[in-house]
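Have the sequence and the 3D view side by side while reading. The text below goes through the helices, their contact and the loop residues in turn.

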Amino acid sequence: MAFMDDLKKFGKNISQKTSDMVEITKLNSAISQEKEKIRKLYYEIGTAVYEQYKAGNNLGMEEKCSQIAEIEQKIEELQQKIQEIKNSKKCPGCGTEVTADTAFCPQCGSKLN
Ligand SMILES: [Zn+2]
């Protein structure tokens, strides 16, 4: 009955391989979740370093930090262009967007020029 034994072994191998694949998929998913946690921590580290840079503390990353500062400036310019197109402006007090001819912020009451 060597043939039947081989057949049984073959079937067992297939189900073993299937459960191995399921296990590997689960483990890869767990690895992805852990890597995502690292990415979040990297982000927090980066933000903390940049906050220190803005506060005038040199943590040896000033080149990257100055790149972020330049990018933030560029984003600011792009946002201003959108405000020009929409004929709006931002309240310097609270950041609320109002039409360009608004004299006082409806949110916080700041005088707008
Ligand atoms: Zn305001």
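Of the 53 residues of α1, the number buried is zero, so this helix lies largely in the open. A residue is buried here if 20 or more other C-beta atoms lie within 10 Å of its own, exposed if 12 or fewer, and partly exposed in between, with C-beta atoms placed from the backbone. The model is a predicted one, in which local features need pLDDT of at least 70 and side-chain atom pairs count only at pLDDT 80 or more, while totals for chains, interfaces and linings use all residues. Residues are numbered from 1 along each chain as its sequence is written.

Helix α1 covers residues 2-54. Its 53 residues should span 78 Å at 1.5 Å a residue, and its end C-alpha atoms are 76 Å apart, which agrees. The expected span is 1.5 Å times one less than the number of residues in the helix. After α1 comes Gly56, with a positive phi near 95°.

The second helix, α2, takes in residues 62-85. For its 24 residues the expected span is 34 Å, at 1.5 Å a residue, and the end C-alpha atoms lie 35 Å apart, which agrees. This helix, too, is hardly covered, since the count of buried residues among its 24 residues is zero.

How do the two helices meet? Two packed helices are described by the angle between their axes and the distance between the axes. Here α1 and α2 pack at an angle of about 85°, with their axes 10 Å apart. That makes α1 roughly perpendicular to α2, a term for angles of 65 to 115 degrees. The axes are lines fitted to C-alpha atoms, for helices over the stretch in contact, and angles run from 0 to 180 degrees between N-to-C directions.

On the α1 side, Val49, Tyr50 and Tyr53 meet Glu62, Cys65 and Ile68 of α2. Two residues are in contact if their C-beta atoms, placed from the backbone, lie within 7 Å. By class, this contact of α1 with α2 has five nonpolar, no polar and one charged residues. Ala, Val, Leu, Ile, Met, Phe, Trp, Tyr, Cys and Pro count as nonpolar, Asp, Glu, Lys and Arg as charged, and the others, Gly among them, as polar. Ile68 counts as partly exposed, with 16 C-beta neighbours inside 10 Å. Between Ile68 and Tyr50 there are 8.2 Å in space, C-alpha to C-alpha, and the two are 18 residues apart in sequence.

Beyond α2, Asn87 sits in the loop between α2 and β1 (88-90). Its phi is near 55°, a positive value in a residue other than glycine. Asn87 is exposed, with 9 other C-beta atoms within 10 Å.

For the chain as a whole, the elements run α-α-β-β from the N terminus on. Helices (H or I, at least four residues) and strands (E, at least two) are DSSP runs, numbered from the N terminus. The C-alpha atoms fill a box of roughly 95 × 40 × 25 Å, taken along the principal axes. Buried residues make up 0% of the 113 residues.

Technical notes
Parallel < 35°, antiparallel > 145°, perpendicular 65-115°, else oblique.
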